[in-house]
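Student: Could you take me on a close look at the salt bridges in this model, and then show me what lies around them? I would enjoy one connected account rather than a list.

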Amino acid sequence: MNGPVKQPAASTDFDGTRLTVARRLRGKTKSALAREVDLTPTAIAQFEKGPANPSQAVLAKICMALGMPREFFGAGHPLTLLPASDAHFRSLRSTSAVERERALAYGELSLEIVQLIEDYVELPTTELPDFAVPEDITTETIGAAVAEVKSAWGVPSGPIGNMVQLLESHGIVTLRLPIHTDRKVDAFSTNAGHRPLVFLNPGSDDRARSRFDAAHELGHLILHPDTEPGSKIIENQAHAFAAEFLMPAAEIGPLLPRRIDWPTFHQLKRDWGVSLRALVFRAHALGKLSQASYRRANQQLSMWGLPEPGELGRAESPQLLGKATDLLAAHEIDLDGILTARRIVADVTADILASGTDDKPKLSFD
């Protein structure tokens with residue numbers, strides 16, 4: 001008489017949270033992964049939430065399906081999950097849930113790498129002013145918020161020199177999204193982890209765009225710490241914050257023309273590092289351009305298309321992580337070994353470190 005069928009032994013060295021991150025990073029739903037490894041979505045959910053663990057054979061299939069080494073899924077080094085409800089995506093309505101989850105998983109691994117680096121390098125302290133946000137956010141509220149941030153950070157009057165570096169110098173980790181990210185994701189920010197994160201568009205090399213995106217995401221971090229993301233109202237509020245931060249009404253108002261004067265707009269673009277479209281919008285919002293002039297100006301901008309005339313140079317690039325890794329190398333600290341010990345995948349690590357490094361080409365005489 002045959003005895004009971006012996007079930008394959010479950011893996012004891014397994015962290016379900018890491019399966020969640022890996023699955024989302026690869027852009028797969030539970031159902032899609034389940035089909036690839038001949039399981040049910042319920043089984044995948046049980047592996048992710050516990051207490052069930054996959055057998056060694058099933059885990060091998062999962063590793064193959066996700067393109068991750070076995071070591072990544074080991075226990076002992078849990079990752080912090082970033083809930084979608086705490087992330088402000090610029091194009092939330094047009095971005096699929098899978099792409100949002102993929103970007104968040106990238107953010108979760110970014111946070112882990114930043115935390116590991118912080119064990120060896122003292123990064124700038126996070127300095128986000130604790131602005132008392134009223135229930136009804138008005139133009140005056142946004143102006144007060146911008147003034148409080150600039151005062152706390154010691155930002156002088158006049159054009160902002162480098163918006164991305166300004167964020168980094170005050171402890172806001174700024175990165176570019178991976179180049180393969182769906183362009184609809186665009187940019188997003190979150191303050192749900194141990195440090196605020198800002199992710200910028202990977203494909204845009206427009207300096208004005210990178211500066212405005214960075215200021216826009218700062219607006220979310222200041223104005224919307226507890227606000228459900230996605231509404232057009234809060235996106236407009238973040239836009240207004242960025243406009244006031246980069247083009248303060250009291251400073252740029254007297255400089256804006258009262259008619260469509262393209263030479264003046266081009267000079268302001270060079271001086272303030274913002275786009276012609278942003279300047280035209282600002283001129284209309286501040287009552288400088290009539291509705292008819294505003295409409296004609298936008299028609300002309302549409303005819304010119306993108307990129308706008310008047311190149312400003314390379315997009316602003318994050319540098320914080322690049323400088324930190326250079327410092328580790330200078331002190332002969334083996335970052336690769338540290339990351340391997342903490343079960344971080346090499347290809348993902350390379351993407352994240354590159355996304356936080358100035359991508360200016362370096363002259364070599366080799």
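Tutor: Here is a walk through the salt bridges, followed by the annotated domain, the aromatic pairs and the largest pocket.

Please keep in mind that this is a predicted model. A search of the whole structure turns up 14 salt bridges, and we can start with one that involves Arg23. Its side chain meets that of Glu48 in a salt bridge, at 2.6 Å from N to O. This pair ties together distant parts of the chain: Arg23 belongs to helix α1 (residues 16-25) and Glu48 to helix α3 (residues 41-49), 25 residues apart. Both partners, Arg23 and Glu48, are buried.

Now move to Arg24, which forms a salt bridge with Glu108, with 2.8 Å between the closest N and O atoms. Here too distant parts of the chain are linked, since Arg24 sits in helix α1 and Glu108 in helix α5 (residues 97-118), 84 residues apart. Are these two partners buried or exposed? Glu108 counts as buried because its relative accessibility is 1%, and Arg24 counts as buried because its value is 7%; the cut-off for buried is under 20%. The contact also has company: Arg24, Glu101 and Glu108 are linked in a network of salt bridges.

A third salt bridge takes us further along the chain. The side chains of Arg211 and Glu316 meet at 2.9 Å, N to O. Arg211 is in helix α8 (residues 207-223), while Glu316 is in the loop between α13 (291-304) and α14 (320-330), so that 105 residues separate the two and distant parts of the chain are linked. With 1% relative accessibility, Arg211 counts as buried, and Glu316, at 4%, counts as buried as well.

Let us return to the annotated domain. UniProt, in an unreviewed entry, places the feature "domain: HTH cro/C1-type" at residues 19-73. In the model this span is 62% helix and 0% strand, and its end C-alpha atoms lie 6 Å apart.

The aromatic rings come next, with a count of 9 aromatic pairs. One of them is Phe72 with Phe73, where the ring centres are 5.4 Å apart and the planes stand at 90°, an edge-to-face arrangement. Why is it called edge-to-face? The angle decides, because planes over 60 degrees apart count as edge-to-face. Phe72 is buried, with a relative accessible area of 2%, and Phe73 is buried too, at 0%. Elsewhere, Phe89, Tyr106, Phe188 and Phe199 form one aromatic cluster.

Finally, consider the largest pocket, whose volume is about 1,100 Å³. It is lined by 34 residues, and those closest to its centre are Phe212, His239, Ser275, Arg277 and Ala278. Which helix gives the largest share of the lining? That is α9, with 6 residues. At least two lining residues each come from α6 (139-153), α8, α9 (232-246), α12 (276-285) and α13. By class, the lining of the largest pocket comprises 15 nonpolar, 10 charged and 9 polar residues. Helix α8 thus appears twice in this tour: Arg211 of the third salt bridge lies in α8, and α8 also supplies lining residues of the largest pocket.

Methods:
Residues are numbered from 1 along each chain as its sequence is written. This is a predicted model: local features need pLDDT of at least 70, side-chain atom pairs count only at pLDDT 80 or more; totals for chains, interfaces and linings use all residues. Side-chain values use heavy atoms; hydrogens and water are left out. A salt bridge is a side-chain nitrogen of Lys or Arg within 4 Å of a carboxyl oxygen of Asp or Glu. Helices (H or I, at least four residues) and strands (E, at least two) are DSSP runs, numbered from the N terminus. Buried means under 20% relative accessible area, exposed over 50%, partly exposed in between (1.4 Å probe, protein chains only). UniProt positions are given in the numbering used here, feature names are shortened, and annotations may be inferred rather than shown by experiment. On a 1 Å grid over the protein atoms alone, a cavity is a set of points where a 1.4 Å probe fits but cannot get out, and a pocket is an open set with protein on both sides within 12 Å along at least five of seven lines; lining residues have an atom within 4 Å of a point. Grid points are joined across faces, edges and corners, and a volume is the space filled by probe spheres set on the points. Ala, Val, Leu, Ile, Met, Phe, Trp, Tyr, Cys and Pro count as nonpolar, Asp, Glu, Lys and Arg as charged, and the others, Gly among them, as polar. Rings of Phe, Tyr and Trp (its six-membered ring) pair if their centres lie within 6.5 Å; planes under 30 degrees apart count as stacked, over 60 as edge-to-face and the rest as tilted.
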